[in-house]
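What follows is a guided walk through one protein chain, passing from a single loop residue to the chain as a whole and then to a few selected places. Please keep the sequence and the model in view while reading.

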Amino acid sequence: MSGIFGVVSEKNCAETLVYGTDYNTHMGTEYGGIAVYDDEFKRYIHRMSSVNFKMRFFENIKDINGKHGIGVVSDLDEQPIYLKSKLGEFCIVSAGRIDNINVLAKEMMEEGICFGEVSKKSVNATELIARIIATGSDIKDGIEKMYKRVKGSASILLLSKDGIYAARDSFGRNTLILGRKEGSWAVCSETASFHNLDFEPIRDLNPGEIVFIDCANLECKVLNQGNDKKQICSFLWIYTGFPASNYEGINAEIVREESGKLLAKRDKDLKADLVVGVPDSGFAHAIGYAIESKIPLRRPLVKYTPTYGRSYTPPSQSIRNVTARMKLIAIKEIIQNNIIVLLEDSIVRGTQLKNVTVEKFWRAGAKELHVRPACPPLLFPCIYSTSTRTNSELVTRRAIAAIEGKDIEDVSEYTNPDSEKYAKMVEWIRKDLNVTSLKFQNIEDMVKAIGLPKEKLCLHCWLGCSNCHAKGE
Ligand code: SF4
């Protein structure tokens with residue numbers, strides 16, 4: 001995943017750019033980067049794995065005196081990319097995932113295009129996007145060409161001498177939102193970037209829309225209106241987005257509370273002593289559950305944050321597991337002899353839930369443990385961002401392989417919560433997690449909590465491509 005932020009201002013934009021980009025830190029852990037135009041293009045890229053964004057970039061602020069700039073926090077690529085092309089010089093940041101990156105890179109190399117950056121054994125996706133754009137007759141034409149060639153999703157901010165181009169991916173899976181305040185425009189992935197910088201959200205760009213924010217007259221011009229084939233990532237509201245952010249004007253925290261309430265409505269017969277959210281992302285779902293069920297919300301698991309910062313990413317899975325285990329501390333006095341409902345945003349691999357959270361509850365003397373994930377079972381890896389990468393990582397696929405005796409391609413029966421196979425899969429996961437009961441959110445209630453029509457949402461994680469506009473793209 002990545003989060004991007006851009007600003008065009010009548011004053012020096014350095015501080016706004018650094019703070020605004022910093023509010024995207026939850027969207028990526030590997031690289032942070034900013035680029036500014038200040039009579040020349042200035043670009044700064046830092047690794048984020050051991051230090052937080054602000055600390056790294058504050059030392060660069062004093063070198064910057066530009067009025068427009070772009071920034072990114074990324075999981076995959078070193079960005080921004082700088083290119084000197086027939087269209088002039090530009091810098092670019094991107095968010096999304098290009099599914100056909102290797103095919104495109106091969107085609108482009110056959111056309112004589114070279115790549116200078118690498119990214120985890122592949123070409124750098126942002127460089128590939130930049131080089132396609134550079135083949136256009138102008139920037140707008142180049143972005144449109146890029147949309148035609150790229151399968152997957154790619155939202156971009158492109159910094160030219162004259163301003164910033166902002167373009168949302170063709171199906172609107174990633175967000176891109178315009179904000180305004182006196183003397184400045186901003187554009188961001190996360191509206192949480194706006195609040196403390198006094199920007200008012202104006203609107204979300206349409207899928208495929210391209211705008212240009214001109215720094216000469218601070219005007220935002222629509223260059224391509226885009227389309228209405230919206231398939232925005234549902235996971236933003238359920239887990240990946242920041243609670244204070246709105247997407248399509250719908251706040252993530254409110255959706256999570258609503259989702260918790262809907263889970264509680266289907267749990268009328270469960271008599272429990274307390275409701276708990278797995279910190280931090282299960283917390284809002286737990287608030288909703290507690291409001292609806294009138295069971296007290298308590299905090300028997302606390303995070304020890306002083307030495308385990310949000311942006312610290314341990315280098316290996318085994319160290320990540322130890323870190324997760326050490327960071328969470330259970331309060332025995334709240335847990336002992338109690339029947340507990342545990343709200344989790346989602347279950348991907350299930351390993352940390354099983355080995356860290358559940359284990360801590362049993363060791364502290366919980367009487368019963370009822371787990372309620374706030375989305376349906378994740379059956380398909382995301383092909384539009386980097387959230388989950390392979391079938392074998394998903395606990396559902398391990399359950400299905402155990403039930404079927406082998407890996408199977410067609411898992412459609414397991415997407416139906418009324419089917420026998422679905423019940424078997426959930427029971428397998430329940431036993432594997434070692435919990436008293438397990439009940440997943442259903443797709444209808446998840447969609448209801450978000451509040452957009454089902455066809456406007458990407459539900460690929462749960463249904464595969466059955467509801468994708470992009471099917472066969
Ligand atoms: S596949 Fe899942 S994570 Fe990826 S964009 Fe769709 S809903 Fe979001």
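Glu 248 is partly exposed, because its relative accessible area is 21%, and the classes used here are buried for under 20% relative accessible area, exposed for over 50% and partly exposed in between, with a 1.4 Å probe and protein chains only. Glu 248 sits in the loop between strand 17 (246-247) and strand 18, and its phi is near 55°, a positive value in a residue other than glycine. Helices (H or I, at least four residues) and strands (E, at least two) are DSSP runs, numbered from the N terminus.

The model is predicted, so that local features need pLDDT of at least 70 and side-chain atom pairs count only at pLDDT 80 or more, while totals for chains, interfaces and linings use all residues. Residues are numbered from 1 along each chain as its sequence is written, and side-chain values use heavy atoms, with hydrogens and water left out.

Taken as a whole, the chain holds 16 helices and 25 strands. Its radius of gyration is 23 Å, close to the 23 Å that the globule rule gives for 473 residues, so the chain is as compact as a globular protein of that length; the radius is taken over C-alpha atoms, and the rule is 2.2 Å times the number of residues to the power 0.38. Along its principal axes the C-alpha trace spans about 70 × 45 × 40 Å, and buried residues account for 57% of the 473 residues. If contact means heavy atoms within 4.5 Å, then among contacts between residues at least 6 apart in sequence, 67% join residues at least 24 apart.

Which residues does Ser 94 touch, once those up to four places away in sequence are set aside? Ser 94 belongs to strand 6 (residues 88-98), and its partners are Ser 2, Ile 4, Val 72, Gln 79, Thr 126, Ile 129, Ser 155 and Ile 156. With 7% relative accessibility, Ser 94 counts as buried. Another of these partners, Ile 4, lies in strand 1 (residues 2-9) and is buried too, at 0% relative accessibility.

Gln 79, also touched by Ser 94, is joined to Pro 80 by a cis peptide bond with omega of about -5°, and Pro 80 is placed in the loop between strand 4 (68-74) and strand 5 (81-85). A second cis peptide bond runs from Pro 279 to Asp 280, with omega near -15°, and Asp 280 is in the loop between strand 19 (274-277) and helix 9 (283-293). Such places draw attention because most residues other than glycine have a negative phi, and most peptide bonds are trans. Asn 337, which is not a glycine, has a positive phi of about 65°; this residue lies in the loop between helix 11 (332-335) and strand 22 (339-344) and, at 56% relative accessibility, counts as exposed.

The walk ends at helix 15 (residues 443-450), which is mostly covered, with six of its eight residues buried. The buried ones are Ile 443, Asp 445, Met 446, Val 447, Ala 449 and Ile 450, and what covers them includes helix 7 (235-240), helix 8 (252-265) and helix 16 (460-463). Just after helix 15, Gly 451 takes a positive phi of about 90°.
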